[in-house]
Amino acid sequence: SIEEDYVEEISRMYGYDKLPVAIPRNNTVSRLTVKQELRNLAKTALLGLGVSEIQTFSFVSPKSADKVRIPKDSDKRRFVKLINPLGEDTSVMRTVLLPNMLSVLYTNFSRSIEAVRFFELGNTFIDLHEGGDVLPVERDMLCIACYGKDESFYTLKGIVEETLCAMGVKGLMFRAETQDPSFHPGRCAVLKNKDGEVFGTVGQVYPDVTEDYGIDCEVYAAELDFDRLCGLASTEKKYTPLPKYPAMVRDFAMVVEERIQVGDLQDAIEAHAGELLESVKLFDVYRGAPMLPGFKSVAFSLTYRAKDRTLKEAEVNDINAEVLAALKKEYNAVLREI
């Protein structure tokens with residue numbers, strides 16, 4: 001029925017012993033693909049941060065979507081159904097990694113393990129075309145989760161940041177997220193680029209979800225689109241000589257409404273400080289007296305430096321004043337007097 005069948009039949013009739021034999025080359029060099037190298041970099045970084053790797057089955061129960069509160073109209077409910085499943089609990093292919101991760105966390109929690117950090121880098125499958133001849137969308141996802149008395153949203157955020165740094169991923173920002181039903185609305189953020197594209201979610205798993213899994217403590221988890229992160233990754237290292245000229249640092253604290261996000265303030269600072277701004281760092285967030293209810297104090301440290309000259313005091317003061325004026329205009333931020 002195919003060409004190969006004819007070739008095989010002719011070869012058999014002619015005689016395999018009469019065909020020339022070629023010795024395989026022994027000077028070929030194998031190497032990892034770029035994606036395999038990035039997988040190894042991510043895994044090495046996570047292991048170095050005390051996060052243990054797990055591997056779970058790709059076959060799951062369709063009820064897993066209900067347990068993590070995936071919306072009814074979400075593409076994450078478009079399961080690839082198995083023709084001959086072993087049972088209801090393994091009748092579809094997973095679309096997210098979080099349910100399996102929570103099951104593993106429960107196993108450890110039920111055995112009185114006080115603190116754990118796990119990650120899984122594996123495939124997910126979404127049947128966007130509802131069967132037929134079109135293959136499902138298969139993507140690599142990275143799920144990281146932890147619980148314990150020393151764990152918080154910020155420890156998990158730090159783990160994610162270090163992993164992205166190891167992969168050479170830059171240009172992503174954390175932005176507050178309140179609409180994901182799997183996560184606590186006040187302790188959740190999404191990873192976005194400047195175009196608003198989402199690359200993952202980080203936050204505390206919603207208490208009702210952890211309760212469904214029998215976990216009686218706060219659980220923090222991140223689910224990242226590893227395939228898309230690979231598109232941003234760059235392992236190329238560029239040498240930059242040490243600066244010849246001194247830097248000038250300006251610290252200030254602003255009083256803003258509680259609803260104002262720190263990331264938005266930082267974006268405004270970078271937009272108005274110009275090319276002389278070398279770095280901007282948040283070093284304090286304060287709530288309480290003498291702050292009025294609904295307000296907070298946010299303190300930044302701005303470092304200015306020129307590559308070709310020593311900056312003048314008046315020059316830096318003018319830039320800093322322009323930044324403060326922009327924050328006042330855009331966010332009604334008032335310079336805090338200490």
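Mentor: Before we start, one term: a helix axis here is a line fitted to C-alpha atoms over the stretch in contact, and angles run from 0 to 180 degrees between N-to-C directions. Keep in mind, too, that this is a predicted model.

Trainee: Got it. At roughly what angle do the axes of helix H2 and helix H5 cross?

Mentor: Find H2 at residues 34-48 and H5 at residues 153-167. H2 passes H5 in a right-handed crossing. Their axes come within 9 Å, and the crossing angle is roughly 145 degrees.

Trainee: Which residues of H5 make the contact with H2?

Mentor: Start on the H2 side, where Leu38, Leu41, Ala42, Ala45 and Leu46 take part. Counting both helices, the contact has 8 nonpolar residues, 1 polar and no charged. The H5 side of the contact is made by Ile159, Thr163, Ala166 and Met167.

Trainee: Now the sheet of 7 strands. Which are its edge strands?

Mentor: This is an open sheet with mixed pairing, in the order S1-S4-S5-S9-S8-S7-S6. Look for strands that pair on one side only. Those are strand S1 (52-53) and strand S6 (173-176).

Trainee: Let's take S1. Which residue of S4 stands opposite glutamate 53?

Mentor: S1 pairs with strand S4, residues 116-126, in the parallel sense over 2 bridges. H2 packs on this sheet as well, touching S1, S4 and strand S5 (137-147), and its direction makes about 155 degrees with that of S4. Back at glutamate 53, the residue opposite in S4 is phenylalanine 119.

Trainee: And at S6, how many residues lie between S6 and S7 in their hairpin?

Mentor: The two strands pair in the antiparallel sense over 4 bridges. One spot to look at is alanine 176, which stands opposite alanine 189 in S7. Between S6 and S7, the hairpin has 6 residues.

Trainee: There's a sheet of 4 strands too. What is its strand order?

Mentor: Begin with the edges, S11 and strand S13 (334-335), each pairing on one side only. The sheet is open and its pairing is antiparallel. Reading across, the order is S11-S12-S10-S13.

Trainee: What is the bridge partner of valine 280 in S12?

Mentor: S12 covers residues 295-304 and runs antiparallel to S11, with 8 bridges joining the two. Follow the pairing to valine 280, and the partner in S12 is leucine 302.

Trainee: Helices lie across these strands. At about what angle does helix H9 run to S10?

Mentor: Don't mix H9 up with H8, which lies across strand S10 (248-257), S11 and S12 and runs at about 35 degrees to S12. H9, residues 313-331, lies across S10, S12 and S13. Its angle to S10 is about 15 degrees.

Trainee: On to empty space. Which residues lie nearest the centre of the largest pocket?

Mentor: This pocket holds about 1300 Å³ of space. H5, S6, strand S7 (183-192), helix H8 (262-273) and strand S11 (277-286) each give two or more residues to its lining. The lining divides into 18 nonpolar, 6 polar and 14 charged residues. Out of 38 lining residues, the ones nearest the centre are Tyr154, Lys157, Phe174, Val262 and Gly263.

Trainee: Which strand gives the largest share of the lining of the second largest pocket?

Mentor: About 640 Å³ of space lies here, with 26 lining residues, among them Lys76, Val96, Met141, Asp180 and Thr201 nearest the centre. By class, the lining has 12 nonpolar, 7 polar and 7 charged residues. The elements giving two or more are S4, S5, strand S8 (198-205) and strand S9 (219-225). The largest share, 4 residues, comes from S8.

Trainee: Finally, which two helices each supply at least two residues of the lining of the largest cavity?

Mentor: The search of the whole structure finds 1 cavity of 30 Å³ or more, and the largest cavity has a volume of about 60 Å³. Its lining includes Ser64, Ala65, Pro99 and Asn100, and by class it has 6 nonpolar, 3 polar and 2 charged residues. The helices that each supply at least two of the lining residues are H3 (64-67) and H4 (98-110).

Notes: Residues numbered from 1 in each chain as written. Predicted model: local features only at pLDDT ≥ 70, side-chain atom pairs only at ≥ 80, totals over all residues. Heavy atoms only, no water. 1 Å grid on protein atoms, 1.4 Å probe; cavity = no way out; pocket = protein on both sides within 12 Å on 5 of 7 lines; lining within 4 Å. Points joined across faces, edges and corners; volume = space filled by probe spheres on them. Nonpolar A, V, L, I, M, F, W, Y, C, P; charged D, E, K, R; others polar. Left-handed = near helix turned anticlockwise from the far one by under 90°. Contact = heavy atoms within 4.5 Å. Pairing = 2+ DSSP bridges.
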